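Visitor: I'd like to know what stands behind the labels people put on a model like this. Can you take me through a few?

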Amino acid sequence: MEYIDNLPPMDMMRSENMTFVQLIIPVESAHPAITYLGQLGLLQFRDLNDDKSPFQRTFVNQVKRCAEMSRKLRFFKDQIQKAGLLPSPRPASQPDIELEELEIQLAEHEHELIEMNANSEKLRQSYNELLEFKLVLQKASDFLVSSRSHTTAQETELDENVYSNHNYSDTASLLEQEMQPELSNQSGVRFISGIICKSKVLQFERMLFRATRGNMLFHQAVADEEILDPTSNEMVEKIIFVVFFSGEQARTKILKICEAFGANCYPVPEDMTKRRQITREVLSRLSELETTLDVGLRHRDKALTSIGFHLTKWMNMVRREKAVYDTLNMLNFDVTKKCLVGEGWCPIFAKTKIQEALQRATIDSNSQVGIVFHVMGAVDSPPTYFRTNRFTNAYQEIVDAYGVAKYQEANPAVYTIVTFPFLFAVMFGDWGHGICLLLGALVLISKESKLSSQKLGSFMEMLFGGRYVLLLMSIFSIYCGLIYNEFFSVPFHIFGGSAYKCRDASCSDAYTVGLIKYSDPYPFGVDPSWRGSRSELPFLNSLKMKMSILLGVAQMNLGIILSYFNARFFNNTLDIKYQFVPQVIFLNSLFGYLSLLIVVKWCTGSQADLYHVMIYMFLSPFEPLGENQLFWGQSVLQVVLLLLALVAVPWMLFPKPFILKRLYTERFQGGTYGLLGTSEVDTYEEPDSARQHHHEEFNFSEVFVHQMIHSIEFVLGAVSNTASYLRLWALSLAHSELSTVFYEKVLLLAWGYDNLIIRLIGLAVFAFATTFILLMMETLSAFLHALRLHWVEFQNKFYHGDGYKFKPFSFAALADDED
């Protein structure tokens, strides 16, 4: 035990030692102190005003100002994106400015931009109206041809052309009578011209027909130019229309329908000379407006470009200032209202750095009083903080996704770094596929600096975050693939010749009769001659199934051993005596014994039936084993192990609740206080419960039920978890068989044809199946199964995962949250 205690601590095995500290900060030093602590990022503040709403806190006005500045900066960013400009990725070099000065600058820029946008919108609206008017004049003139004589003949011509010849240019000539009052009064034919969106024209025409009961003539033509919609900022295709009708009531209805459909109506004179004169005026005004719009757009882009140079720096500054004031709102004023009091957690190694930062804040603020920093005792459990690097971070995230470790609890990530990619490789073992994964991982790692600064999609971000997990998974896959001797399901004689040979030169009976052994066993991995032999599948099934049980029992034993180190670290002798010991005995009396039988059978080459041995160990423990006996004294050993397993169950269930009850009674009813300084009553905590210390009522029934549930869960879990590790065999077999199917039934089948096109198609199908099914779907499947084995089968033996993460106030974390 002394040797174990003297071992050097492992970096990630236990979370960092934390301490609860209190800060007493003079008001004049508060802002620089919190700023320096944010730059350091090693102090997690505790909210001392959690009973107050955000609007009742001290620095609420400053937070509102920062929020308003953030809104303005978001407005600038949207305007830059709408203008098609790119904000500067790196902040421009500019002397530091105060928040008040920045607030004034942002207000001026916003006012200037809003004014420019309003003017530009008005000019754009005028430009659109003139452009529509020009298009209407051009198209309507095709419908209207000057003619001032023969009124009766014109009416006849209108009837002939409208109802028989659809020639709109001829029918429009009848409308010239509108320029003559006496003719208009006689015939009553009038028209309205305008423009409408193409998507609405069919409904518009139908509504006009119904409203006038068919007493109208509708002409339409596609506009030569698309018009910019100011609301959506997109180019819209429009239709020019002319509606001929008779009567004032019809005119009122048509105008209302035009207004309802958003159609713009424009007056078109019937006189050709007036049309030409108006067209010239419209074109002149359009030219002037184009010039004005271009000048305004250039001025606006210039203003947005100058803002874009500083936008990143301003956003970072405002984000930091808001975070500082949010943190200051978590502090309390003392009774004199001259100091702010803050509390929080920090790692012990960071105390010196924090004190140095606080001293700098005192000097910079010219304060007469220094900042008081002292350590306090805490009732609450400290947060959990593991220092990780780029390599270990992904594995820690895998563990944290299940649950954050309790403070100072053994960290499964230390072992997950090796066991996770190894169990993945057991299911994925193929050194050809492993090389493909390795190349992908190396590409991601080689472009690490470039990709880490880019905004990636969700899938790519997940892949990039797990690049080092993918690296180890690929390396272990190559290793397991060499053991399985599979390269895209094809075996190779890498480590020498086979130990087996065919019975004759043709080797035709290899699959029916079998091979014969003529030399020493293959030096590494599976002999390539097993491929295609009669006993290939039974041999590989037996090998992988037994290997899965051995790996599962080993990993579950590792989890139980870690529970011992947890109990020893927290001085909980009850868990060692009445949890660790019976669990080890129970698991190894049954499945440890099974693992021993597997190893002995492999070493001796016995033909014993292990299914029969394990079943009759329970059904008939005293019957002789006969030909299934593997070693001397096996029958006696089985009886002893079965008795130990039966004793281990009540050993787990009964003693612990009764001992806890006795310890509680002695402590709170005048018992021996000194002997219980490190009592299990303190260290024993119910899962999912708050840390309760002072004189909580001991509920024996709850403790007993809790212990009973844990005991039953372990006993049943020992069986189900061992069976769960058989997924290693199942997925390995599925991966191997899928690879064989794609190789034999796709690639070899296509290669059997003496046709280049068929061979290329077969190669393309094989490549597609290998990439998308074996390298993507199978990788994801094996990854998820390895994840389950770690979360359920391994971690439930020792890992509570009911802690909470150390989340210090850090400016670096603000940038990550923004991304």
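Guide: Sure. Helices and strands here are DSSP runs, at least four residues for a helix and at least two for a strand, numbered from the N terminus. Keep in mind that this is a predicted model. With that naming, Asp 527 sits in the loop between strand E13 (516-517) and helix H18 (536-569).

Visitor: What makes Asp 527 count as buried?

Guide: Buried means under 20% relative accessible area. Asp 527 has 5%, so it is buried. Its C-alpha atom is 9.5 Å from that of Phe 495, 32 residues apart along the chain.

Visitor: Why is Met 777 called exposed?

Guide: Exposed means over 50%, and Met 777 has a relative accessibility of 56%, so the label fits. Met 777 belongs to helix H26.

Visitor: Which residues form the nonpolar patch on the surface?

Guide: Phe 459, Met 460, Met 462, Leu 463, Phe 768, Phe 772, Met 776 and Met 777, with about 810 Å² of accessible area together. Helix H16 (458-465) and helix H26 (756-794) each give two or more residues to the patch.

Visitor: How do you know that the span of H13 agrees with its number of residues?

Guide: At 1.5 Å a residue, the 16 residues of H13 (residues 413-428) should span 22 Å, and the end C-alpha atoms are 21 Å apart, so the two agree. H13 does bend by about 30 degrees at Thr 419, with Pro 421 following within four residues.

Visitor: And why is H13 called largely enclosed?

Guide: Because 13 of its 16 residues are buried.

Technical notes. Residues numbered from 1 in each chain as written. Predicted model: local features only at pLDDT ≥ 70, side-chain atom pairs only at ≥ 80, totals over all residues. Heavy atoms only, no water. Patch = residues over 30% accessible without salt bridge, like charges linked within 9 Å, V, L, I, M, F, W, Y side chains within 5 Å. Areas by Shrake-Rupley, 256 points an atom, 1.4 Å probe, with all protein chains shown as cover. Salt bridge = Lys/Arg side-chain N within 4 Å of Asp/Glu carboxyl O. Buried < 20%, exposed > 50% of the residue type's maximum accessible area, 1.4 Å probe, protein only. Expected span 1.5 Å × (residues − 1). Bend = angle between axes of the 7 residues up to and from the residue.
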